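Here are some short exercises to work through with the model open in your viewer. Try each task before you read its solution.

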Amino acid sequence: MDIQQDVTIKSWDGTWTYHPHVRATPESVEDLVEIMTDPVRFPSPVRPAGSMHSTARMNGDEGGTMVDMKAMNRILHFTDDTVTVEAGVTHMQLANALKERGLQPYITTEIGNVTLAAMACAATKDSSFPGGFGQVSSYVTAVRLVTPQGEIREISEVDNPKEMQIIRSSYGLFGIIFEVTIKVRPTTAMSVRHYSLSIENFRKFFPIYRARGYAVMYYIFPYAKRVLVELRKDNPEAKPRSKYRWQYRNRFWRKYAPAVALWIQHTIPNVKLRRMVEDFHFYLLRQLLVWFVRSERTWPHAQIINYPRDPGENKYLFSMWAFREGGYFDILEEYCDFCIAYEQHTGYRCNLPSVGYAIARDVEAMFSYSWEGATLSIDPASTGGPEWEEFLHAYNDFCSERRGVPLFNQTPFLTREQVRRAFGARLQQFAARRKEVDPKNRMLDSYFRELLS
Ligand SMILES: Cc1cc2nc3c(=O)[nH]c(=O)nc-3n(C[C@H](O)[C@H](O)[C@H](O)COP(=O)(O)OP(=O)(O)OC[C@H]3O[C@@H](n4cnc5c(N)ncnc54)[C@H](O)[C@@H]3O)c2cc1C
């Protein structure tokens with residue numbers, strides 16, 4: 001195992017900086033047991049790290065141990081409807097291996113870098129297909145982990161359904177996961193269409209989209225009060241052929257939209273003119289997606305995006321809160337007004353479109369953000385900076401006041417009160433169980449100490 005001391009490590013885009021006393025890169029389960037059972041060489045808190053692509057600060061404290069799981073990245077075995085992999089396998093790596101066998105993941109999240117262990121124990125999102133989930137961990141059937149005491153355990157849906165519910169939201173607080181088993185399915189061609197709508201029409205058409213069996217994702221343009229809806233549906237009649245449609249979209253998301261947004265910001269000092277050019281940029285984006293990203297037979301795997309480390313200025317940052325379907329469209333209108341008022345107040349405007357997902361009810365994970373019923377989300381996005389971070393603090397208040405539910409790993413700057421309001425008794429149950437599993441707080445860092453206390 002590779003061991004480094006007193007290193008400085010940044011999250012993928014440099015937002016968060018960590019100074020662990022030890023950074024260990026285990027290659028085997030024996031290495032993990034050694035880490036857990038030797039608090040002198042590997043000081044607490046011991047925090048597992050995947051690709052470090054979370055937008056919230058997730059990967060440990062000054063002076064603790066960061067366990068980089070990316071070297072444990074083998075795909076272990078397949079059955080007809082599951083695959084078992086090591087913790088550090090990425091979503092992209094898995095999707096490519098599945099494609100070769102005529103299989104696909106149930107959920108093809110946009111991000112390809114996320115590791116399977118993080119998918120198993122932290123929140124994820126994608127628009128839900130009919131009868132399906134939007135959170136990847138809900139398809140995880142078993143994990144093997146090393147407990148805070150250094151014991152090896154297997155937890156499965158069949159034998160321990162209640163415990164699986166907690167593990168799916170355990171964020172590396174109940175042990176280091178080294179193996180994940182997840183359900184997969186035969187590859188099915190997917191149709192995709194985009195429509196540009198006013199908020200009012202989105203409200204009107206959403207129930208129709210759902211009734212017709214579409215998975216609904218959308219881009220929100222709060223300053224224009226418009227939405228670009230992305231509708232996806234399985235198309236078992238066709239053979240998958242197209243991947244370029246997704247690649248156009250992916251390039252926009254990963255690179256061109258942030259690059260053009262920054263170029264506009266840097267080169268047009270006159271605010272009025274800048275806003276006009278920004279509006280035109282977003283108008284063009286909507287038209288391009290409507291006209292070019294449409295097909296009856298795409299490869300589902302092609303949706304997945306590689307966001308490389310150190311992206312420089314052209315990065316895509318976001319936060320996410322989910323809201324119950326019932327009052328959602330009023331909140332969406334209020335969100336547009338909130339963004340406009342915030343700009344009038346401070347001069348700051350998010351320079352990328354917000355996004356959102358329609359996600360089915362899901363009680364498979366304890367901190368599911370659709371525990372009480374189906375939700376729709378609002379995820380502001382930007383290329384970052386101090387003003388963006390200030391905006392997120394105000395946005396958190398806006399959402400919490402409207403009973404939104406956040407994601408521990410994808411909603412930066414949460415407060416204890418916001419988390420308490422969102423999860424209520426589930427927070428207490430989780431905190432109590434965590435204490436039983438890890439009474440010496442071997443894996444508890446300051447982030448979770450604050451939010452769970
Ligand atoms: C540009 C960008 C786009 C994104 N797009 C999407 C998207 O489309 N859909 C989506 O769902 N998410 C998306 N995300 C968010 C991202 O998927 C999640 O934050 C995810 O948790 C990151 O996984 P990671 O491997 O980087 O894990 P990390 O961020 O390193 O860790 C996440 C959590 O998992 C724990 N963990 C990691 N490995 C282990 C292990 N072996 N055992 C126990 N605990 C472990 C960590 O301790 C931490 O609590 C995006 C993020 C970025 C930056």
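Domain bounds, as used below, come from an automatic or database domain assignment. Keep in mind that this is a predicted model.

**Exercise 1. Into which domains is the protein chain divided, and how far apart do their C-alpha centres lie?**

Solution.
- Step 1: Take the bounds. The protein chain is split into domain 1 (2–70) and domain 2 (203–414).
- Step 2: Compare the centres. Those of the C-alpha atoms of domain 1 and domain 2 are 31 Å apart.
- Step 3: Look at the contacts. Domain 1 contributes 8 residues, which are in contact with 13 residues of domain 2.
- Step 4: Sort by class. On the side of domain 1 that touches domain 2 there are 3 nonpolar, 4 polar and 1 charged residues.

**Exercise 2. Describe the shell around the ligand, and explain where the ligand lies with respect to the two domains.**

Solution.
- Step 1: Count the residues. The ligand is surrounded by 34 residues, and the closest are Gly-50, Ser-54, Ala-117, Thr-124 and Gly-172.
- Step 2: Classify the shell. It holds 18 nonpolar, 12 polar and 4 charged residues.
- Step 3: Find the elements involved. At least two residues of the shell come from each of strand 5 (46–49), helix 3 (116–121) and strand 12 (176–186).
- Step 4: Place the ligand. Because domain 1 (2–70) and domain 2 (203–414) both give residues to this shell, the ligand lies between them.

**Exercise 3. Analyse helix 8: which of its residues are buried, and which exposed residues are on the face turned away from them?**

Solution.
- Step 1: Check the length. Helix 8 (residues 328–346) has 19 residues and spans 26 Å from first C-alpha to last, close to the 27 Å expected at 1.5 Å a residue.
- Step 2: List the buried residues of helix 8. They are Tyr-328, Ile-331, Leu-332, Tyr-335, Cys-336 and Cys-339.
- Step 3: Look down the axis. These residues cover an arc of only 150°, so they sit on the same side of helix 8.
- Step 4: Find their partners. The buried residues of helix 8 pack against helix 5 (199–211), strand 18 (321–324) and strand 20 (375–382).
- Step 5: Turn to the opposite face. Turned away from the buried side are the exposed residues Asp-330, Asp-337, Ala-341, Gln-344 and His-345.
- Step 6: Step past the end. Gly-347, just after helix 8, has a positive phi of about 85°.

**Exercise 4. Examine the backbone at Pro-45, Arg-403 and Phe-413.**

Solution.
- Step 1: Recall the background. Most residues other than glycine have a negative phi, and most peptide bonds are trans.
- Step 2: Inspect omega. The Ser-44 to Pro-45 peptide bond is cis, with omega near -5°, and Pro-45 is in the loop between helix 1 (29–37) and strand 5.
- Step 3: Inspect phi at Arg-403. Although not a glycine, Arg-403 has a positive phi of about 60°; its loop runs between helix 9 (386–401) and strand 21 (405–406).
- Step 4: Judge its burial. Arg-403 counts as partly exposed because it has 14 C-beta neighbours inside 10 Å.
- Step 5: Repeat for Phe-413. This residue, also not a glycine, shows a positive phi of about 65° and is in the loop between strand 21 and helix 10 (416–423). Phe-413 has 15 other C-beta atoms within 10 Å, so it is partly exposed.

Technical notes:
Residues numbered from 1 in each chain as written. Predicted model: local features only at pLDDT ≥ 70, side-chain atom pairs only at ≥ 80, totals over all residues. Helix = DSSP H or I, 4+ residues; strand = E, 2+ residues; numbered from the N terminus. Expected span 1.5 Å × (residues − 1). Buried ≥ 20, exposed ≤ 12 C-beta atoms within 10 Å, placed from the backbone. Arc of directions from axis to C-beta. Contact = placed C-beta atoms within 7 Å. Near = placed C-beta within 6 Å. Nonpolar A, V, L, I, M, F, W, Y, C, P; charged D, E, K, R; others polar.
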